[in-house]
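Thanks for asking me to look this one over. My notes are below as numbered points, so have the model open while you read.

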Amino acid sequence: MAESKHDNYPEKYSPKSLNLITLIKTDMINQQLLNPASIVVVGGSNNLRKPGGRIVQNILNGGFAGRLFVVNPKDEVVQGIRSHQNIADLPGVDLAVLAISARQCVEAVRMLAEQKGTRAFIILS
């Protein structure tokens, strides 16, 4: 039997309230995507010819006022921002931009979602 989107909620919720819960969750995800308080660029780089380098540069030049983090195991500092060696070293973040190889993306998304509470992702791979 196929599982519906409401199967994980207690039976006491009506379909109308479940739709409201879904709407609230969707709005929260949209806020994290469109108006994040924190962003991590996984694969951020000092090399502006690489996607991760250009993304960090654009965020910095765009005047982002929130917290910006970078994950790059090879560099200690990326464009003036302290670089984290791996995702496990990060605090929780709203939005993750992944500029890494496709084979690394699934694990990165899993770790960010499960361990860091990240709900919004942009993947460039």
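**Notes on the fold and its surface**

1. Let's start with strand 5 (residues 95–98): Leu95 and Val97 point one way from the strand, Ala96 and Leu98 point the other way, and all are buried. Buried here means under 20% relative accessible area, exposed means over 50%, and partly exposed is in between (1.4 Å probe, protein chains only). In a regular strand, side chains alternate between the two faces of the sheet.

2. A word on where this comes from: the model is predicted, so local features need pLDDT of at least 70 and side-chain atom pairs count only at pLDDT 80 or more, while totals for chains, interfaces and linings use all residues. Numbering starts from 1 along each chain as its sequence is written, and side-chain values use heavy atoms, with hydrogens and water left out.

3. For the overall layout, the protein chain has 3 helices and 6 strands, in the sequence pattern α-β-α-β-β-β-β-α-β. Helices (H or I, at least four residues) and strands (E, at least two) are DSSP runs numbered from the N terminus. Of the 125 residues, 34% count as buried. Take contacts (heavy atoms within 4.5 Å) between residues at least 6 apart in sequence: 56% of them join residues at least 24 apart.

4. Now the sheet. It is open, with 6 strands in the order 3-4-2-1-5-6 and mixed pairing. Its edge strands are strand 3 (77–78) and strand 6 (120–123), each pairing on one side only. Two strands pair if DSSP finds at least two bridges between them.

5. What does strand 5 pair with? Strand 1 runs parallel to strand 5, over 4 bridges, and Val40 has Ala96 as its bridge partner there. Strand 6 is also parallel to strand 5, joined by 4 bridges, and Val97 stands opposite Ile122 in strand 6. Over at strand 3, the pairing with strand 4 (residues 81–84) is antiparallel, with 2 bridges; Val78 has Ile81 as its bridge partner.

6. Helix 2 (residues 51–61) lies across strand 1 (38–42), strand 2 (67–71), strand 4 and strand 5, and runs at about 160° to strand 1. For that angle, axes are lines fitted to C-alpha atoms, for helices over the stretch in contact, and angles run from 0 to 180 degrees between N-to-C directions.

7. How many salt bridges are there? The structure holds 2, counting a side-chain nitrogen of Lys or Arg within 4 Å of a carboxyl oxygen of Asp or Glu. Glu107 bridges to Arg110, with the closest N and O atoms 2.4 Å apart; Arg110 also bridges to Glu114, at 2.9 Å. Together, Glu107, Arg110 and Glu114 are linked in a network.

8. Those partners sit along helix 3 (residues 102–116): Glu107 and Arg110 are 3 residues apart, so about one helical turn separates them. Arg110 and Glu114 are 4 residues apart, also about one turn. Glu107 counts as partly exposed because its relative accessibility is 38%, and Arg110 does too, at 32%. Glu114 is exposed, at 58%.

9. Last, have a look at the nonpolar surface patch of about 350 Å² made by Leu33, Leu34, Ile122 and Leu124. Patch residues have over 30% relative accessible area and no salt bridge; like charges are joined within 9 Å, nonpolar side chains (Val, Leu, Ile, Met, Phe, Trp, Tyr) within 5 Å. Leu34 lies in helix 1 (residues 15–34) and counts as exposed because its relative accessibility is 68%.

Key:
Accessible areas come from the Shrake-Rupley method with a 1.4 Å probe; for residues, only the protein chains shown count as cover.
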